[in-house]
Each structure stands twice: as C-alpha cells, then as structure tokens.
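Thanks for making time for this one; I would like to walk through a single structure, slowly, and I will keep to what can be read from the coordinates. Please have the sequence to hand while I talk.

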Amino acid sequence: MTSGANYVGFFGAVKNGAVVQNLTVDIRTNGTQFVGGIAGGTDQEVHIRNCEVYGTVSATGNFVGGVVGLLRIPDEATVENCKVFADVVTNGGSVGGLVGCNRATVINCYVSADATVKGTAASELPLVGSSPNVGAITGENQTNGENIGTAAGCGLCDANGKPAA
C-alpha cells in the first residue's frame, strides 16, 4: 500500500465506535503523516484488539505507529493485545512501535525487539518517547486537557511474540 497522503494504513481512519479485531496484516506504507499498520488515525470510541502487523510502516511526517499513527479520544479508544513485527520509520516525530501519538489507552501490546523504530531522533529508544517523541512503544503519551494517554503492560517481544527477557 503506497500513498503520499495523510491517514494511510490498512484502514486510513477508523471511527464511530468501530471494532477491529483478530486482523493480521503484512503491509508496506509510504504516507505523509497519520500513518499506521492498521489505521492512520482513530476517532470516537474505537477499539483495536488482537492484531498483528508485519512489513514496513513508513512516512515523511509526524504521527506514525506500527498499529496506529494517532490514537485519540481518551478513555474511549483502546489498542490491546496487539503485536508489531514491522519496521516503523519516518523523517518526522511522534513515532512509536505501536502508536505514534497516544491520547487514549494501550494495553498488553508488544513490539518485536528486532524491529526498527526510527524518527528524527537516533540511537537507543525509550519505551515511551522523549523529545522529539520517538519511542519503542509510543512516540508520546499526550495530554489532552486533563486526559493523558496511557500504556500499560506493554514491552518488547521476541520473534515468536513472547515477552523479551
């Protein structure tokens, strides 16, 4: 899947209470911003569960993630029990192995320890991004008013999807 547009992924955008589950994709994206293996962005009580992403998720801008580029609507949207074995690469910021910019909840998800997650920052990656918002799990957990994106029970995994030691 190649596109120089915004909101690029298996689904460009997922909205209005949609549930995406039990989906495995082997994807090759090339977007600008809001790019993800499953969805470029989400809105309004979306739930993504039990999905796996392989391949390469790439972009030239911001908000890039192995599962979702921009996960929004705190307390209403979730990504849970997902695994990413894909490389996630951009020339911008807000890039994460799972979620580029997290304004909601990420639970029990893993990124392959062999995957490349690369943005404008180089070298070692924290699990949650620091400036300029590049992280192995989320690029940033963003504050939206009083709501803060959260990531719990997440980490790195081996090639078989088992938590890395």
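I will begin with the sheet, go on to the nonpolar core and the salt bridges, and finish with a few individual residues.

Before anything else, please keep in mind that this is a predicted model, and that the residue numbers I use run from 1 along the chain as its sequence is written.

Let me start with the sheet. There is an open sheet of five strands, whose order is β1-β5-β9-β14-β19, and the pairing within this sheet is parallel. At its edges sit β1, residues 11–14, and β19, residues 138–141, each of which pairs on one side only. If direction is ignored, neighbouring strands of this sheet are turned against each other by 5° on average. As a general point, strands of a sheet pair through backbone hydrogen bonds, and they do so either parallel or antiparallel. To look at one pairing in detail, β1 runs parallel to strand β5, residues 39–42, and three bridges join the two; within that region, Ala-13 stands opposite Gly-41 of β5.

Now to the core. In soluble globular proteins, nonpolar side chains tend to be buried together. Here the largest nonpolar core has 36 residues, and those that touch the most other members are Ile-38, Ile-48, Val-53, Val-67, Leu-71, Val-79 and Leu-98. The elements that give two or more residues to this core are β3, residues 24–31, together with β7 and β9, the last of these being residues 68–71, and the largest share, three residues, comes from β7. If you would like one residue to centre your view on, take Leu-98: setting aside residues up to four places away in sequence, Leu-98 touches, among others, Gly-65, Val-67, Cys-82, Val-84, Val-106, Cys-109, Tyr-110, Ala-136 and Ile-137.

How many salt bridges does a search of the whole structure find? The search finds two. One of them joins the side chains of Arg-28 and Asp-26, with 2.7 Å from N to O. Arg-28 counts as partly exposed, at 46% relative accessibility, while Asp-26 is exposed, with a relative accessible area of 56%. The other salt bridge is between the side chains of Glu-80 and Arg-49, at 3.5 Å from N to O. This pair links distant parts of the chain, since Glu-80 is in strand β10, residues 78–80, and Arg-49 is in strand β6, residues 47–49, with their positions 31 residues apart in the sequence. Arg-49 itself is partly exposed, with a relative accessible area of 26%.

Staying with β10 for a moment, Thr-78 also lies in that strand. Is Thr-78 buried or exposed? At 12% relative accessibility, Thr-78 counts as buried, and, leaving aside neighbours within four places in sequence, Thr-78 is in contact with Val-46, His-47, Ile-48 and Thr-105.

Two residues deserve a look at their backbone. Asn-50, in the loop between β6 and β7, has a phi near 50°, which is a positive value in a residue other than glycine; Asn-50 is partly exposed, with a relative accessible area of 36%. Ser-94, in the loop between β12 and β13, likewise has a positive phi, of about 50°, although Ser-94 is not a glycine. Ser-94 is buried because its relative accessible area is 6%, where the cut-off for buried is under 20%. The side chain of Ser-94 also makes a polar contact, at 2.4 Å, with the side chain of Glu-140.

Last, please find Pro-163, in the segment after β23. Pro-163 counts as exposed, at 52% relative accessibility. Leaving aside neighbours within four places in sequence, Pro-163 is in contact with Tyr-110, Leu-156 and Cys-157. Pro-163 and Cys-109 are 54 residues apart along the chain, and their C-alpha atoms are separated by 9.7 Å.

That is the tour; I am happy to go back to any part of it.

How values were computed: Predicted model: local features only at pLDDT ≥ 70, side-chain atom pairs only at ≥ 80, totals over all residues. Heavy atoms only, no water. Salt bridge = Lys/Arg side-chain N within 4 Å of Asp/Glu carboxyl O. Buried < 20%, exposed > 50% of the residue type's maximum accessible area, 1.4 Å probe, protein only. Helix = DSSP H or I, 4+ residues; strand = E, 2+ residues; numbered from the N terminus. Contact = heavy atoms within 4.5 Å. Polar contact = N/O pair within 3.5 Å; in protein donor to acceptor, adjacent residues only side chain to side chain. Core = buried A, V, L, I, M, F, W, Y, C linked by side-chain atoms within 4.5 Å. Pairing = 2+ DSSP bridges. Axes fitted to C-alpha atoms, helices over the stretch in contact; angles between N-to-C directions.
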